[in-house]
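Hi,

Here is the structure I promised to pass on. Have a look at it first, and then read my notes below.

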Amino acid sequence: MSKVYLALQDNDEARYIVEAIEEDNPESTIIHQPAMIRIEAEGYLVVKRETVEEKMGRDWDMQELHLSLITLGGNVDEDDDQLSLSWNE
Amino acid sequence: MSVQAIVPDYRGVVRDRFENFHGNQLVYVAWDKHLMFCAPFAFPVPPEMSFKSLLTDVATDVFAVHPEFDQLDWSKAEWLLDGQPFIPQLDVALKDQGISHKSVLRFQTPELKGYMGADI
Amino acid sequence: MNKNKVTTMAAKKLSLKEKYSLLTRDLDWEFSYQDRKDAFPMEEFEGIKITDWSKWEDPFRLTMDAYWKYQAEKEKKLYAILDAFAQNNGHLNVSDPRYVNAIKLFLTGISPQEYQAHQGFAHIGRQYGGVGARIACQMQSIDELRHVQTQVHAMSQFNKYFDGFQSWSNMQDRVWYLSVPTSFFHDARSAGPFEFLVAIGFSFEYVLTNLLFVPFMSGAAYNGDMATVTFGFSAQSDEARHMTLGLEVIKFLLEQHEDNVPIVQKWIDKWFWRGTRLLTLVGMMMDYMLPNKVMSWKEAWEVYFEEAGGALFKDLARYGITMPKYAALVEKEKEHISHQAWWTFYTHGHATGFHTWIPTDEELDWLSEKYPETFDKYYRPRWEMAKKLEAEGKRFYTKALPQLCTTCQIPMLFTEMDDPTQIAYRDTVYNGDRYHFCSDGCKDIFHDEPEKYVQSWLPVHQILQGNCGGPGVEQVLSDYYHFNVGADNMDMKGSPDEKRWKQWKGVA
């Protein structure tokens, strides 16, 4: 299985998003690099709106992810509640 | 198909035809295994120029900065013309010994190993 | 934040999927009195077969209202930081004045290509019969325009204090090394709409731009350049969307018709090769031009191509798509190309619009550590030689112009990868004229469409034809390239940039 990944800017918003991703994807690896945070996982990774809202303590629109997103790898599927990354092998 | 074009029989303009160089032809010259010079040099020269003149009037100035240049004996250099072994005739014009527009001339000096023996 | 709005309007909030469907399906119409082929005349000549445009899907399902909202927010954040950068003399906080030369190369080499990408997507966005594709190209076209504008604004602060930033728009299609990225985009833009999309949308954006933006921008942050890291990451947030579209495009084309598979594979092979050649410049920036280094070019290649690209091509294998031709060769090249390129720029430093230099001893050691198989054996001796010549007062600049590859337009600096002491030569004779290439990849591309590449505007040949002013190189540099000769070019040592930096920092 190949890795999917997501990189976010290292900013205040993204720190909550990363916390949420860590909670929802216990198998993921978080890598801190200058000014950015890279999250990778084998085969599948999901960002859930509800978990991010819980961490931030406010309403959060899935599309706000675009404000912090740097890059990603994998097939994307997004709706109002989640964004997932996966490979089909 | 020689090009994927929306019009039939599309032909490109050949930008580097001999006729565009005002009477000169291009000759590329390189000293193999001497990578102080990162790439072959491009020289515009008259096709009537002799090989000797190419060496002494054109190439020498450019290659002379190499620390091994003093040890270089042109008469012992081995040549390739467009990838094939070639024995140059010093007093014959370039065009009369098969050195045509955009030909590559490479010379090799197996006894000179480059700076620090590193092919530099 | 949308809650008030929703309650006052008392309307049901549409889901992402519903909004996207309304925009990209219901806005289209049938052609009743015009032939569809006249409306989209470029859709067929490349041989690509589209049977059902409605299968086009943007996985982000981005609609125009959301697009403008989030782009505006990105811009506000970016410009707040650019203001702060300027107001706080951010240019003084960079790690080392040599760093700024990487930014000069970025502005002259990359920003104008953002503009070409904008033009390219605007053009192809008109050519597709499907609304989803047209909308996606429209957004990307606007994104690319935003990128060139924000990059120029961000770097304008450096233009106030450093040389070499003043004539990027004039330089981009004239200067010998800038013809490399410029001709890359000319090649893509003069192709049909589907090749452009595979070239830029997939091969470049998906497979290769991570290598440009991610480690390089992280490097900018590490070198104290707040302006560049900010525009870089702001642009990259759009790139994440472009990459996703690039992948969707490929899947869409491959699913539409089996006849598309070999055509797409050929384009992937071509543009992967062209892209890796272009990225030689980025490799050189990472290994030699960033004083504080984040990762080596080799490491970046391993993470962003071998690992990420490997996963991608495994995913595409179910369509019959294979790894790009020459991927195995490129795996060898990662050990060499950055060194071969910086040596070329160093030895042509009198003709570059930025400064060049010999790496410091610490940097040479870092290179040895990062490239244990190759650096000490093949490349360190060059720098020992350069140091010796410099110490003798004979800083080395080559005295003649280099031979260029007809396809990628890079000087013939690449060696055989199994013998890094031997320049690689490939040539062919077409209609009585001889053409030269740096590699089998570049030769293959010529062979496939010779009538396209016989037109290559090779800067060295143009100079020698007398089309760039002259007669001497110095006049070409000053009158045709608009360099400030003696300030923009030559070694970092002794440059006005260096002198000013020392004054600002109060060192002798």
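Before anything else, a bit of vocabulary: two strands count as paired if DSSP finds at least two bridges between them. Also keep in mind that this is a predicted model.

With that in hand, start in chain A. You'll find an open sheet of three strands there, in the order S4-S7-S6, and the pairing is antiparallel. Its edge strands are S4 (44–48) and S6 (75–78) of chain A, each of which pairs on one side only. Ignoring direction, neighbouring strands of this sheet are turned by 15° against each other on average. If you want a spot to zoom in on, try S6(A) and S7(A) (residues 82–86), which pair in the antiparallel sense over four bridges. In that pairing, A:Val76 has A:Leu85 in S7(A) as its bridge partner.

Now for how the chains meet. Which chains have no contact with each other? That would be chain A and chain B: their closest C-alpha atoms lie 31 Å apart. Two pairs of chains do touch, and the pair with the most contacts is B and C.

Let's take chains B and C, then. Chain C brings 55 residues to the contact and chain B brings 47 residues. About 4,400 Å² is buried between them, with carbon and sulfur atoms giving 59% of that area. On the chain C side, C:Met385, C:Glu451 and C:Gln465 lose the most area to chain B, and together they make up 15% of what that side buries.

There's plenty of polar detail here too. The rule finds four salt bridges across this interface, and B:Asp61 with C:Lys399 is a salt bridge to look up, with the closest N and O atoms 3.1 Å apart. Between chain C and chain B there are also 22 residue pairs in polar contact. Several elements of chain C each supply at least two residues to this side, including helix H16 (337–347), helix H18 (375–391) and strand S3 (419–423). H18(C) gives the most, with eight residues. Sorted by class, the side of chain C that touches chain B has 26 nonpolar, 15 polar and 14 charged residues.

One more thing at this interface: strands pair across it. Strand S2 (residues 41–45) of chain B is joined to S1(C) by two bridges, and these strands run antiparallel. Opposite B:Phe41 you'll see C:Pro402 in S1(C).

On to chains A and C. This contact takes 33 residues from chain A and 42 residues from chain C. The buried area is about 3,300 Å², and carbon and sulfur atoms give 54% of it. How many salt bridges are there between chain C and chain A? The count is two. A:Lys3 and C:Glu307 meet through their side chains in a salt bridge, at 3.8 Å from N to O. Polar contact links twelve residue pairs between chain C and chain A.

On the side of chain C that touches chain A, the elements giving two or more residues are helices H2 (16–24), H4 (64–87), H10 (193–222), H11 (226–256) and H14 (297–316) of chain C. The largest share, ten residues, comes from H11(C). By class, that side has 23 nonpolar, seven polar and twelve charged residues.

That's my tour. Happy browsing!

Terms used
Residues are numbered from 1 along each chain as its sequence is written. Chains are lettered from A and ligands numbered from 1 in the order in which they are written. This is a predicted model: local features need pLDDT of at least 70, side-chain atom pairs count only at pLDDT 80 or more; totals for chains, interfaces and linings use all residues. Side-chain values use heavy atoms; hydrogens and water are left out. Contact means heavy atoms within 4.5 Å. Buried area is the accessible area (1.4 Å probe) that two parts lose on being put together, summed over both. A polar contact is a pair of N or O atoms within 3.5 Å; within protein, one must be able to donate a hydrogen and the other to accept it, and residues adjacent in sequence count only if both atoms are side-chain atoms. Ala, Val, Leu, Ile, Met, Phe, Trp, Tyr, Cys and Pro count as nonpolar, Asp, Glu, Lys and Arg as charged, and the others, Gly among them, as polar. Axes are lines fitted to C-alpha atoms, for helices over the stretch in contact, and angles run from 0 to 180 degrees between N-to-C directions.
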